[in-house]
Structures are given as C-alpha cells and as structure tokens.
Amino acid sequence: MTEIDSLRPLAAVLLPAIGILTIVASHRRPNVREGFTILTALGTFGLVASLVPATLAGTTHVSRLGTFVPGIDLTLSADPLGMIFALLASALWLVTSFYSIGYMRGLDEHSQTRYFAAFAGSVGAALGVAFASNLVALYVFYELLTVATYPLVAHDESDTARKAGRKYLTYTFGGGVAVLAGTVLVFWTTGTVAFTPGGIADLASTDPVVARAAFALLAGGFGVKAALIPVHSWLPDAMVAPTPVSGLLHAVAVVKSGVFGIARVVLDVFGPETAGTLGVGLPLAAVAAVTIVVASIIALRQDNLKRRLAYSTISQLSYIVLGLGLLSPAALVGGLLHIPAHAFMKLTLFFCAGAIHVETHTDDISDMAGIGKRMPVTMAAFAVASVGMAGLPLVAGFVSKWYLLIGSLDAGNAVFAGVLLVSGLLNVGYFWPIVYQAFFQTPEDADSKPLVEFPIGGARVRTDGGERGESGERSEDVERDVSGSEPETAGSEEVPINTAEPVDPDVDPDVEPSESEGRIEVDARVEEDGEYAVDRHPSDHLGDEATDDGTDSHDADSDEGTSLTEADADDHHEHHGGPPAAGWERRGFGEESTWFMLGPITVAAAGAVALGLVPRGMVFLALVQRVVAEATGVVF
C-alpha cells in the first residue's frame, strides 16, 4: 500500500462543518438554506468519491494534522475500510437531504435550521470516524458524533423526546468510556494505537488476559452504538425522532459507526489471526447470534411501524458483528458487505414509513390494510426492501447473507448458519404481513397485526387502550378511558348520543362518538381540546403528549414558514391514524406524495436492487474484498 499526502480526507470532514455555517446564516431564507444543504452534501460526496479509484489501486490519501498527544498523531487516512463507511455516509446524506426537505416541509416542522445543521454536523463526524487512522482519533470523532446527533434525537422537544435523548447520551457516552479504557490498554501494552491491516503485531505476544480485556472493552464500547443486546434499548426509544433522523441513526451514521468500530478492532487492531488465537471471536459471534434471534422475535410484537423497523435494525446489525466474530474470510466479506446492503434497504424502509406518516398520519401497522392503493410506489419500494431484509435473491441482502452462510460453514460453526436461516424466516414473519395487507386486504377484512401481540385465541390489545374483537370492532366490555380506569362491565348501560353533534369537551374531553354503534368510545389520539395528537405534534411520535401547560411545543419558528400549499396541508390532515371512512383513495404513479420524498425512496430501493443484481459491479464489494485481502491474505 502506497501513502500520499493529501488534503482531500480533511476537506471531506471539514466541508459539512462549513455547511453548518451556511445553513445557519441562511435561516431566514429556507430555500437558500436547503440549497446550501444540497450543495454541501453533493460536494462532500464528490470529494469522497474522488478517492475511490486511488483506494482500489492500492494508494491511500493521508491528511497529517500533527501530534494529538505524545506518541499519537492525528491523521486522517482514506484506506479501503474507511472508504466503505465514508462513501456510504456521503452518498446517503445526499439522498436523505432531498427527502428531509419533503418531510420537514410536509409536516411544517419546527426548528428546521437546527435540524439541517445538526444533520450536517453528524455526517461530518461520521466521516471523521471513517477516516480516523488510529483509536484515539476514532474515539474523538465517535464522541463528536454522539454530541452532533443528540439535537436530532430530541428534536421534538417533548418529554418523551428529551427522555430518549438523555438515554441516548447515557448509553453512548458510557460506551465511549469503555472505548477509551480499551484504547489506553492497547497503548500501554504495545506503545501504539495505529490501525494496521492484519492487526498490531505486538498484541499477539502480550499478556492474553490484558489483550482479552482490551478487546472486551473496545468491542463492548462500540457495541453500544451497534445496539447489541443487552445495551440496545436506547435505539427503539430514539424512534421518537423525525423519520429522516431514524434513517440517519439506523442506516447511515450512528449504528454504523458502532459496527465500523468493531470492524476496526477485529481487522486493524487485533487482526483475525490474533483474535482467533485469543479466542475472542466466538463470544462476539455468540452475542451477535442471540441479538439476531431475540430482536427479531421482539419485532414480531411491534404494531408501531418505526418500532418494528428499530428492532429489525438491532437484528440486522448483528449480522455484521456475526461475520466479524466468525473471522473466516467469507464471513468477513459477508459482514462488511452487509454494511452498505443494510443501509440501502433500511433507509428505503424508513423513507417509506415517513412518507406514510406525512401523507396519511398512519403509524400503526394494524391501520395500514389496503394502503397500497393510496401509496403504490411507496409500498412497492417497501416490499422490495423487505425481500432484501429477509435475504431473498435479487436484492442486496441475499448477497451479504450468502457470504455469511458460507463463512459460517467454513469456520466450522454450522449453528450460526442455522441462526441465519431462522432469522430469515423471522424477517418474513414481520415484514410479509405488512406487504400482504397493504396490497391484498382492505380495512374490513384485515386480520390482527402484529402476529404475537395478543394471547392465542384472544383479541389484540391496542395502543389506544381499547381492544378489538375478531370483527375489528372494539369490544364493549373492554373500553377504557384515557386515564387508564377499569373497563366497564358487560352489562353497563350505554349512553346514546347524537353522532351528528360533537361531544361537549366540558363534559368529557377525551371521548368521541362511534359511528357504528352510537355510543361513547375512547380514542387516545384525541387531546383535551378535541384535536388529534398527530395534528398538534406532527412529527413521528411513538406516544402522544402535550406540554405541561397544554400549549403546543411544536410551533414552527418564525423564520421557518416554509410548508406545502394549503391544499396539500388540508389533504395531509384529512384523516388520522388509518384509512378515512370512505376507504383509501386510489392514487396513480407520482400522485401519492411529492417527488422530494418519492425520488429518494426510489433511489434507495434501486440501490438495494443494484447491489443484489450486480454485486461485482458495485464499488462496495470491491472495497470489501480489498479490506479482507489485506487483513487475511485471501484474495477473492
């Protein structure tokens, strides 16, 4: 490998930081602000892409920034492993920037300038993680990434969002402490923390107990952001953030920085050979296998679409960790290739979830029967990505999981191949019902979803506090009010009301009439003033809250009055949390949403298909094979 001095890695990291300044400076002119966002993302992607040919040819561009601490230089290096993460982050930031414009304007979200600025800062920190040439530099950018993404997690400023943000900081900073401790151990035993293909040679001869402790600290610390069980719970809670942020968390920056850190530890700090000698690979693979199965089972229980996708992410990330733990060349290829494969597929799924929310205000899977008629392109893209997540052919997930299966057998661990097959079936179990009911069911004939959220033979408990029987109507003996009081008895007297008149909020502000049965029913989506919570808090909430004083904490900033037209806004709010009374309206191609959202959905889905159809022609596979060849000496 040849190294040449270059400012391009440094420029790629600094350009998003410069973008923050232009975004903030243009906060009173939203069109200009978002133009700077697109230009910054495009320039960053161009800079990173310009490094690819040299990297594939064996040349590494290096930006030397001087000595950080005695004996450790602060250097940014565009090596093959770093290029995988950098190319992915910069490419998907560009796609997500367009999507964010449609999403944030579609919901007339507040604090949009802060949102776009924090997004740019997050991607800049992610590129620093990618290009860091040693553990100390990696640690610095790893912690900066946590700080940059916190405003995005807590964007809604509700109590739920702030709680999720605090939990995110607690978990990830705790993981950072473990990473720092492991870094100190490595430096103390070897005198260096520089990344070396195949691992730092002196680690093979150091005290095995110390070496294993260092590996446990590093893998465990990075494993927090990789959402390995049992340090995973911050991730589902972070779904309170707007959907593009969820895409950033799950597909581009945060969780990928965790698995990327583990990859650096396995490949460039310890090396596959030393890791195998120390016996640390098998425990890592075991933790990943448990996470794969348990998270998939939990995903089956989720009715909220974003939470189901969150637990799917926890499971899918562990495919990457499993490949790294198995240490065989084919498994390493499969694990590393699953980084971009999962990114394209999961970003598609989150884009689809966000489009559904913006256009229909529907967040629960149980309310999506027949929605394919209303959003055909969106649900078709969702189906394509779901096929890939299950590991079926023609989509990216099949290629990476094929390598993982072969690598499991090559390593002599057939049990992990069995885990992969079981996980594929579980993926079908929690994705297929969504696709099936979207295209082949109507609200009238839809069966209960999710599959295992209710007792066998019983009705499913809904998130609004009521239950539905087999007919889909709420059971009269299980109705509850929003405060959680006990259900009425079966013989309790029903209160007839005039369904043509609104319920007097002075009498009972938390009820609405049932059109089908003419009696008072509870709907937790209705707030005290009679508005739906989704209208008062338009971003993707997992729970509906008002501020303590009852005011709306989501009013747009005075300088951010950019939104869709009034007609579009009225269309967005025409129904809430499910199909309108007349059923889903059929929409044609391109009519279901704006192209700011449909375009990125299509691009992300196309990327997932391209990586599955022509894996040899995609640059990611070439980079992965070069990484594995440098670490193991095996050429594919």
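**Notebook: the N-terminal sheet, salt bridges and core**

I began at Ser 63, which is buried, with a relative accessible area of 2%. The model I am reading is a predicted one. I placed Ser 63 within strand E2, which covers residues 59-69. I then looked up its polar partner: the side chain of Ser 63 reaches the backbone oxygen of Ser 6 at 2.5 Å. I listed its contacts, leaving aside residues up to four places away in sequence, and found Ser 6, Leu 7, Arg 8, Pro 9 and Leu 10, together with Leu 74, Thr 75 and Leu 76.

**Entry: the sheet around E2**

I next asked in what order the three strands of the open sheet stand. The order is E1-E2-E3, and I noted that the pairing is mixed. Strand E1 (2-5) and strand E3 (72-77) stand at the edges with a single partner strand each, so one side of each is left without a neighbour in the sheet. I recorded an average turn of 45° between neighbouring strands of this sheet, direction ignored.

I took the two pairings in turn. E1 and E2 run parallel and are joined by four bridges. In this pairing I found Ile 4 opposite His 61 of E2. E2 and E3 pair in the antiparallel sense, over five bridges. Here I noted Val 69, which stands opposite Ile 72 in E3. I also looked at the connection: E2 and E3 form a hairpin with two residues between them. Gly 71 lies in that turn and has a positive phi of about 90°.

I then checked what packs on the sheet. Helix H1, residues 8-25, lies across E2 and E3 and runs at about 70° to E2. Charged residues came next, and I recorded a network of salt bridges that links Glu 3, Asp 5 and Arg 64.

**Entry: salt bridges elsewhere**

How many salt bridges does the structure hold? I noted twelve, and I looked up several pairs individually.

My first pair was Arg 307 with Asp 237, a salt bridge whose closest N and O atoms are 3.9 Å apart. Arg 307 belongs to helix H13 (residues 305-326) and Asp 237 to helix H9 (residues 234-237), so the pair ties together parts that are 70 residues apart in sequence. I checked the exposure of the acid: Asp 237 counts as partly exposed because its relative accessibility is 25%.

I turned to Arg 264 and Asp 268, whose side chains meet in a salt bridge at 2.7 Å, N to O. I found both residues in helix H11 (residues 254-278), four residues apart, about one turn of the helix. Are Arg 264 and Asp 268 buried or exposed? I recorded Arg 264 as buried, and Asp 268 likewise.

The next pair was Glu 359 and Arg 374, with a salt bridge between their side chains at 3.5 Å, N to O. This pair links distant parts of the chain, as Glu 359 lies in helix H14 (residues 329-360) and Arg 374 in helix H15 (residues 371-374), 15 residues apart. I looked up the accessibility of each. Glu 359 counts as buried because its relative accessibility is 4%, the cut-off being under 20%. Arg 374, at 2% relative accessibility, therefore also counts as buried.

**Entry: the nonpolar core**

I then asked which residues have the most contacts inside the largest nonpolar core. They are Phe 131, Ile 262, Phe 270, Leu 305, Leu 336 and Phe 382, in a core of 179 residues. Helix H14 gives the most to this core, with 19 residues.

I followed one of these residues, Leu 305, further. Apart from residues up to four places away in sequence, Leu 305 touches Ala 353, Ile 356, Asp 363, Ile 365, Met 368, Phe 382 and Ile 434.

**Entry: Phe 620**

My last stop was Phe 620, which I found in helix H22, residues 619-632. Phe 620 is buried, with a relative accessible area of 5%. Where does Phe 620 stand with respect to Met 83? The two are 537 residues apart in sequence, and I noted 8.9 Å between them in space, C-alpha to C-alpha. For contacts, again not counting residues up to four places away in sequence, I listed Ile 84, Leu 87, Leu 88, Pro 340 and Phe 344 as the residues that Phe 620 touches.

Conventions: Residues are numbered from 1 along each chain as its sequence is written. This is a predicted model: local features need pLDDT of at least 70, side-chain atom pairs count only at pLDDT 80 or more; totals for chains, interfaces and linings use all residues. Side-chain values use heavy atoms; hydrogens and water are left out. Buried means under 20% relative accessible area, exposed over 50%, partly exposed in between (1.4 Å probe, protein chains only). A polar contact is a pair of N or O atoms within 3.5 Å; within protein, one must be able to donate a hydrogen and the other to accept it, and residues adjacent in sequence count only if both atoms are side-chain atoms. Contact means heavy atoms within 4.5 Å. Two strands pair if DSSP finds at least two bridges between them. Axes are lines fitted to C-alpha atoms, for helices over the stretch in contact, and angles run from 0 to 180 degrees between N-to-C directions. A salt bridge is a side-chain nitrogen of Lys or Arg within 4 Å of a carboxyl oxygen of Asp or Glu. A nonpolar core is a set of buried Ala, Val, Leu, Ile, Met, Phe, Trp, Tyr and Cys residues joined through side-chain atoms within 4.5 Å.
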